[in-house]
Amino acid sequence: MGRLPRAALPWLPLALLAAAGAPEAPVSAPRSLAWGPGLQAGVVLPVRYFYLQAVSSEGRNLTRPPPGPAQFKVVVKSLSPKELVRIHVPKPLDRNDGTFLIRYRMYESVNEGLKIEVLYGDEHVAQSPYILKGPIYHEYCACPQEDPQAWLQTLSCPTEEPQIAKDFASFPSINLQQMLREVPKRFGEERGAIVHYTILNNHIYRRPLGKYTDFKMFSDEILLSLARKVLLPDLEFYINLGDWPLEHRKVNETPGPLPIISWCGSLDSRDIILPTYDTTHSTLEAMRGVSNDLLSIQGNTGPSWANKTEKAFFRGRDSREERLQLVQLAKENPELLDAGITGYFFFQEKEKELGKAKLIGFFDFFKYKYQVNVDGTVAAYRYPYLMLGDSLVLKQDSPYYEHFYVALQPWKHYVPIKRNLADLLEKVKWAKENDEEAKRIAKEGQLTARDLLQPHRLYCYYYRVLQNYAERQSSKPEIRDGMELVPQPHDDTSVCQCQGKSPSREEL
Ligand SMILES: *[C@@H]1O[C@H](CO)[C@@H](O)[C@H](O)[C@H]1NC(C)=O
Ligand SMILES: *[C@@H]1O[C@H](CO)[C@@H](O)[C@H](O)[C@H]1NC(C)=O
């Protein structure tokens, strides 16, 4: 303390007050910050969103929810009184750290534009009101941007995606004829969860290869959503709708591996991966029946760190043996771990011994300080949601990965645990004894996940995969025997008119 420069001293009393739990200086509406894709007309998303940071009148970022009765409020309306549109704007999501997440879903498009008022109490925040010049399309309006480069720029898509670069490194060129010959035989018949897609002139065609292809509704919906937003390259590819990645041939073998597209990758396979159907579907259907999605989770992270129960937590199905071990460990060490199996399918004989735990809402997981992430059949698809919470994630070492894992590091963003869970209790004890460090890792993981897992970044990722694939095709994609057109959903409730084009209804 004695070494602090004089200039730092004026801050001292404030810092002490804050530490003692005194109210922070009041929020300044004009100094507070608003930013994000939902403030840009051209970023078409199922749910548009942007962020707020509460800033004090001294210009300091608040790190806790603002005290007092005043609240942030957002009004989104059509610029023209003649264009009445339905827009759903739920209450801001309080992220419990001085920042807020604002969402809105448009059910119709507007030609003239939108006016977004962001208020704190009755004062305008930052540059509010925000005027977004039209046309502004809603999710079901098929008005693709014809210049993909411009679209990528509007979304501020990263130029590099390390996982995509890695996945395509095994495939300098893609031989569509070879795939047509081999894929149905190797993967279509016995395992049967492959869908063969061709995209031509931004229309999507497909045929199922095998019996277990109901999950094509997930791949259909994201491909259609992309095609409504941007002109897709002509493509012919195969999506694996099953849990496990499929291509186990090595790069130096003959014949070599085929670029099958999957939702989950593993260290011993060569599949090209996409964001999982779970994160994708919840992004598309957010605020329409899906309640756990990449955004909603951020406003539902339970008590703040100091008030969370100091135990590791797990609930889930019995899809892997280590999950049963977790329950056994919890029985022996209830002061460190609370774990339960909520449904038995694979190890039904164990139910009697281990018991069945009651289902608990996902948001309630965050009442606990430490979250155990153990694989299910493949990677546990809850991991993105756990990382977006404000608990410390204890992640089981795993050969499986999703599209964003490559950006996360052990001890920086999460605490690693051995595959056989041998060091789990030791790691929980470590976290309890090193609370500051545990909290810091939890925060760093959360901030990184918030950045990587923004819904618009999923669109960037999908497009980049399709683009990389298209560049490597050695012949022209074709509509093959047995393929059918996957039509865009018919939005009877609202016609939209693409700028400089005839209404989309006539095009359909
Ligand atoms: C305040 O918050 C904004 C947005 O979260 C951030 O970009 C900025 O760096 C923060 N400023 C300081 C001084 O931490
Ligand atoms: C913890 O909970 C108590 C009681 O609800 C509350 O008064 C206190 O502000 C909370 N502490 C933090 C850091 O949120």
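Reader: How do H5 and H6 lie to each other?
Author: H5 and H6 are oblique to each other (not under 35 degrees, over 145 or from 65 to 115). Helices here are DSSP runs of at least four residues, strands of at least two, numbered from the N terminus. This is a predicted model, with local features needing pLDDT of at least 70, side-chain atom pairs pLDDT 80 or more, and totals for chains, interfaces and linings using all residues. Residues count from 1 along each chain as written, and chains are lettered from A and ligands numbered from 1 in written order.

Reader: What angle, and how far apart are the axes?
Author: The angle is about 55°, and the axes of H5 and H6 are 10 Å apart. Axes are lines fitted to C-alpha atoms over the stretch in contact, with angles from 0 to 180 degrees between N-to-C directions. H5 covers residues 216–229, and H6 covers residues 277–284.

Reader: Which residues of H5 and H6 meet?
Author: H5 brings Phe-218, Glu-221, Ile-222 and Ser-225. From H6 come Tyr-277, Thr-280, His-281 and Leu-284. Contact is C-beta atoms within 7 Å.

Reader: New topic. Which bond from Gly-134 is cis?
Author: The peptide bond from Gly-134 to Pro-135, where omega is near 0°. Most peptide bonds are trans.

Reader: Where does Pro-135 sit?
Author: Pro-135 is in a loop. Strand E9 (130–133) and helix H2 (148–154) flank that loop.

Reader: And what joins Thr-254 and Pro-255?
Author: A cis peptide bond, with omega about -10°. Pro-255 lies in the loop between strand E12 (235–240) and strand E13 (261–262).

Reader: Now phi. What is it for Trp-411?
Author: About 70°, so a positive phi, although Trp-411 is not a glycine. Most residues other than glycine have a negative phi.

Reader: Where is Trp-411?
Author: In the loop between strand E20 (400–401) and strand E21 (415–417).

Reader: Is Trp-411 buried or exposed?
Author: Trp-411 is exposed, since 10 other C-beta atoms lie within 10 Å. The cut-offs are 20 or more for buried, 12 or fewer for exposed, and partly exposed in between.

Reader: What about phi of Leu-421?
Author: Phi of Leu-421 is near 65°, a positive value in a residue other than glycine. Leu-421 lies in the loop between E21 and helix H10 (424–433).

Reader: Leu-421: buried or exposed, and why?
Author: Leu-421 counts as buried because it has 20 C-beta neighbours inside 10 Å.

Conventions
Two residues are in contact if their C-beta atoms, placed from the backbone, lie within 7 Å.
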